[in-house]
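Please look at the sequence and the structure below before reading on.

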Amino acid sequence: MKFAVIVFPGSNCDLDMYHAVKDELGEEAEYVWHDSTDLSGYDGILLPGGFSYGDYLRCGAIAQSSPVMDEVKKAAEAGKPVLGICNGFQILTEAGLLPGVLLRNKNLKFMCRTVGLKVENANTLFTNEYMAGQEIRIPIAHGEGNYYCDDATYEQLKNNNQIVFSYADDFNGSRNNIAGIVNERGNVLGMMPHPERAVSDLIGGSDGLSLFKSIVKQWREANVSHA
Amino acid sequence: MRKVKIYVTLRESVLDPQGSAVMGSLHKMGYGEVEDVRIGKYLELMITDDAGDVDALVNEMCQKLLTNTVIEDYRFEIEEAVSQ
């Protein structure tokens, strides 16, 4: 399976994302610059964390208007897996690929630590290697991870099982502790925690690896014919 | 040239932790009469005379990039700018 790691000016988790896919997972990965206009050769799209365009205007707002985002939208429409982590999540909401928005943390602090997450939906292409209700530990590193949406959107998320991860504790003010959501179709996931930073016990934990394994497993089942 | 002054404010339903922190600070300084603080943004655009319908243009730019209408409201004023 071949992944594109989209790189914006100011992305800073692109190397971790590449490492997770290439070295820990053993799949193909390539960096793709934000002005690219063709993602047709990739099976999965990864939007890494960082501070694209210095978070100017609003986090993710300027990256959202990059040429490559039209291609990311096409990939999402084609049903390819699209994963946005941290700033990647912010870009996906600004682009309208996911509902809601990420606001400043309620205590106004940038927080960098490992937190407990609950797998709310283990029935997505991103979480089939987890168990429903499983508690995992994944690092977070954000100043604007306070997920906000209006009541109607929240009801919709809940009723469609689009809430995929929630925080064990409330520390940033996110509505109902939401840490990650998918689109209605289930092929676009945005999450604030960093699974790519938890892919080996050597770096403090491997709970994030199952997320990448889930994507590959689903893709193999759909695309590789068995003799 | 025309000068467009755009005021971006957080929607009333959205909490403003920055505004709350500033209000706390004002209270500590003795300004107990402050009941609420909301922090917004102010943008200025200079638009060329051949731009046509500036009103429609600015609305479009606000909706596509300058604001996020999930959490923000905006209003703007258009002024004739004197060229230097």
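The report below covers a sheet, a helix beside it and a pocket.

This is a predicted model, in which local features need pLDDT of at least 70 and side-chain atom pairs count only at pLDDT 80 or more, while totals for chains, interfaces and linings use all residues. Residues are numbered from 1 along each chain as its sequence is written, chains are lettered from A and ligands numbered from 1 in the order written, and side-chain values use heavy atoms, without hydrogens and water.

Chain B has an open sheet of three strands in the order β2-β1-β3, with antiparallel pairing. Strands are DSSP runs of E with at least two residues, and helices are runs of H or I with at least four; two strands pair if DSSP finds at least two bridges between them. At the edges lie β2 and β3 of chain B, each pairing on one side only. From one strand to the next the twist averages 20 degrees. Nine bridges join β1(B) to β3(B); in β3(B), B:E79 is the bridge partner of B:K3.

| Edge strand | Residues |
|---|---|
| β2, chain B | 41-47 |
| β3, chain B | 72-80 |

Helix α2 of chain B (residues 54-66) packs on this sheet and touches β1, β2 and β3 of chain B, where contact means heavy atoms within 4.5 Å. The direction of α2 makes about 145 degrees with that of β3(B); axes are lines fitted to C-alpha atoms, for helices over the stretch in contact, and angles run from 0 to 180 degrees between N-to-C directions.

The largest pocket (on a 1 Å grid over the protein atoms alone, an open set of points where a 1.4 Å probe fits, with protein on both sides within 12 Å along at least five of seven lines) has a volume of about 460 Å³, the space filled by probe spheres set on the points. Its lining, meaning residues with an atom within 4 Å of a point, has 23 residues, and A:E144, B:L10, B:Q18, B:K41 and B:E72 lie nearest the centre.
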